[in-house]
Amino acid sequence: IIINGAGGYEVGGAKISATKTSKGILYKLLIDDISIILGKTTDSKTEGFSACQIAVINADGEFNESFITDLEPKITVIYGTAKMEGAKALGAENVTVVSKITTTKDKLPEKMEVVVLG
């Protein structure tokens, strides 16, 4: 399934909201009671995109760390050409690049962790 536009969707029990921004589309997913926001830091937050447990961020351009800190995620996953710079801007030290990440609601950390996808 490809979701490539604004609107509300439900796929396999996952609820997906997509909102058009000036820079692209910002997605909010609710999967197994975990709120996930997917987008670029150049996006502007919109109503209903106030907080999440996991933020998946495409760092292909300028990196706006305030976009992420406003979301207050427990885990921030960064990918893209500026991923290392983005991780450092968020205060991550000794960053390790991983190929995948898995978690469950009960394994979410207390403080924000930064994960870099390679």
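In what order do the eight strands of the open sheet stand, and is their pairing mixed or uniform? The points below take up that question and then turn to the cores and the overall dimensions.

1. The model is a predicted one, and its eight strands form an open sheet in the order E1-E2-E3-E4-E5-E6-E8-E7, with mixed pairing. Strand E1 (7-11) and strand E7 (97-98) each have a single partner strand and stand at the edges, so one side of each is left without a neighbour in the sheet.

2. Read along the sequence, the chain follows the pattern β-β-β-β-β-α-β-α-β-β, which corresponds to two helices and eight strands in the chain.

3. At the E1 end of the sheet, E1 pairs with strand E2 (residues 14-20) in the antiparallel sense over five bridges, and within that pairing Val-11 has Ala-14 of E2 as its bridge partner. The two strands form a hairpin with two residues between them, and Gly-12 in the turn has a positive phi of about 55°.

4. E2 is also joined to strand E3 (residues 25-31), by six bridges and again in an antiparallel arrangement, with Thr-19 standing opposite Leu-26 in E3. The hairpin of E2 and E3 has four residues between the strands, and here Gly-24 takes a positive phi near 160°. A reader who is checking backbone angles may therefore wish to look at both glycines, Gly-12 with its phi of about 55° and Gly-24 with its phi near 160°.5. Parallel pairing appears further along the sheet, where five bridges join strand E4 (residues 34-40) to strand E5 (residues 54-58); in this pair, the bridge partner of Leu-38 is Val-56 of E5. Strand E6 (residues 75-79) and strand E8 (residues 113-117) likewise run parallel and are joined by four bridges, with Ile-75 having Glu-113 of E8 as its bridge partner. E7 and E8 also run parallel, joined by two bridges, and Val-98 is paired there with Leu-117 of E8.

6. The largest nonpolar core has 17 residues, and those with the most contacts inside it are Ile-37, Ile-57, Phe-63, Phe-67, Ile-68, Leu-71 and Ile-78. E5 and helix H1 (65-71) each supply at least two residues of this core, and the largest share, three residues, comes from H1. A second, separate core has twelve residues, among them Ile-16, Tyr-27, Ile-36 and Val-77. In soluble globular proteins, nonpolar side chains tend to be buried together.

7. Ile-68 deserves a separate entry: leaving aside residues up to four places away in sequence, Ile-68 touches Thr-41, Ile-57, Phe-63, Pro-73, Thr-76, Leu-90 and Met-112.

8. As for the chain as a whole, a compact globule of 118 residues would have a radius of gyration near 13 Å, and the chain has 14 Å, which agrees. Along its principal axes, the C-alpha trace spans about 40 × 35 × 25 Å.

9. Of the 118 residues of the chain, 35% count as buried. The accessible surface comes to about 7,100 Å², and 49% of that area belongs to carbon and sulfur atoms. Among contacts between residues at least 6 apart in sequence, 27% join residues at least 24 apart.

Notes: Residues numbered from 1 in each chain as written. Predicted model: local features only at pLDDT ≥ 70, side-chain atom pairs only at ≥ 80, totals over all residues. Heavy atoms only, no water. Pairing = 2+ DSSP bridges. Core = buried A, V, L, I, M, F, W, Y, C linked by side-chain atoms within 4.5 Å. Buried < 20%, exposed > 50% of the residue type's maximum accessible area, 1.4 Å probe, protein only. Contact = heavy atoms within 4.5 Å. Rg over C-alpha atoms; globule rule 2.2 N^0.38 Å. Areas by Shrake-Rupley, 256 points an atom, 1.4 Å probe, with all protein chains shown as cover.
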